[in-house]
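User: Hi! I have a structure open here and I'd like to walk through it with you. Can we start with the strands?

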Amino acid sequence: MNDKEKVIQTFKDSDEHLNATKVSEISSIEKKEVNKIMKELKKDETIISPKRCYWAFNDK
């Protein structure tokens, strides 16, 4: 499983909204890398922001 898949899985498994720091802690991936991955996921709308600075998986 690559880092992007780990980040996506972290969002899918979470019951709460997450920020980059929390995703980094859960997935054991550097925060800098998490930020890059989240930027891609935001662009293709895989994750959405239900409240400021927090993100959730977009299960459309």
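Analyst: Happy to! This is a predicted model. Strand 1 and strand 2 form a hairpin with 2 residues between them, and Cys53 in the turn has a positive phi of about 70 degrees.

User: Which way do strand 1 and strand 2 run, and how many bridges join them?

Analyst: Strand 1 (residues 47-51) and strand 2 (residues 54-57) run antiparallel, and 3 bridges join them. If you look at Lys51, its bridge partner in strand 2 is Tyr54.

User: Back to Cys53 for a second. Why mention a positive phi?

Analyst: In general, most residues other than glycine have a negative phi. Cys53 is a residue other than glycine, and its phi is positive.

User: Is Cys53 buried or exposed?

Analyst: Cys53 counts as exposed, because its relative accessibility is 53% and exposed means over 50%.

User: Where else do I find a positive phi in a residue other than glycine?

Analyst: Try Ser28, where phi is near 60 degrees. Ser28 follows helix 2 and sits in the loop between helix 2 and helix 3. Ser28 is exposed too, since its relative accessible area is 67%.

User: OK, helix 2 then. Which of its residues are buried?

Analyst: Helix 2 covers residues 20-27, and its buried residues are Ala20, Val23, Ser24 and Ser27.

User: Where do those buried residues sit around the axis of helix 2?

Analyst: They are on the same side of helix 2, because they cover an arc of only 100 degrees around the axis. There is a handy general idea behind that: an α-helix has 3.6 residues a turn, so residues three or four places apart point the same way.

User: Neat. What covers them?

Analyst: The cover over the buried residues of helix 2 includes helix 1 and helix 3.

User: And how do helix 1 and helix 3 cross?

Analyst: Two packed helices are described by the angle between their axes and the distance between the axes. Here, the axes of helix 1 (residues 3-13) and helix 3 (residues 31-43) cross at roughly 75 degrees and come within 10 Å. That angle makes helix 1 roughly perpendicular to helix 3, because 65 to 115 degrees counts as roughly perpendicular.

User: Which residues make the contact?

Analyst: On helix 1, they are Asp3, Lys4, Val7, Ile8 and Phe11. On helix 3, they are Glu33, Val34, Ile37, Met38, Glu40 and Leu41. By class, that contact has 7 nonpolar residues, 4 charged ones and no polar ones.

User: New topic: where is Leu18, and is it buried or exposed?

Analyst: Leu18 is in the loop between helix 1 and helix 2. Leu18 counts as buried, because its relative accessibility is 1% and buried means under 20%.

User: What is Leu18 in contact with?

Analyst: Leaving aside neighbours within four places in sequence, Leu18 is in contact with Thr10, Phe11, Val23, Ile26, Cys53, Tyr54 and Trp55. You've met some of these already: Phe11 is part of the contact of helix 1 with helix 3, Val23 is one of the buried residues of helix 2, and Cys53 is in the hairpin turn.

User: How far is Leu18 from Lys32?

Analyst: Leu18 and Lys32 are 15 Å apart in space, C-alpha to C-alpha, and 14 residues apart in sequence.

User: Last one: what about Asp59, buried or exposed?

Analyst: Asp59 lies in the segment after strand 2 and counts as exposed, with 64% relative accessibility. From Asp59 to Ile48 you count 11 residues in sequence and 9.5 Å in space, C-alpha to C-alpha.

How values were computed. Residues numbered from 1 in each chain as written. Predicted model: local features only at pLDDT ≥ 70, side-chain atom pairs only at ≥ 80, totals over all residues. Heavy atoms only, no water. Axes fitted to C-alpha atoms, helices over the stretch in contact; angles between N-to-C directions. Helix = DSSP H or I, 4+ residues; strand = E, 2+ residues; numbered from the N terminus. Parallel < 35°, antiparallel > 145°, perpendicular 65-115°, else oblique. Contact = heavy atoms within 4.5 Å. Nonpolar A, V, L, I, M, F, W, Y, C, P; charged D, E, K, R; others polar. Buried < 20%, exposed > 50% of the residue type's maximum accessible area, 1.4 Å probe, protein only. Arc of directions from axis to C-beta. Pairing = 2+ DSSP bridges.
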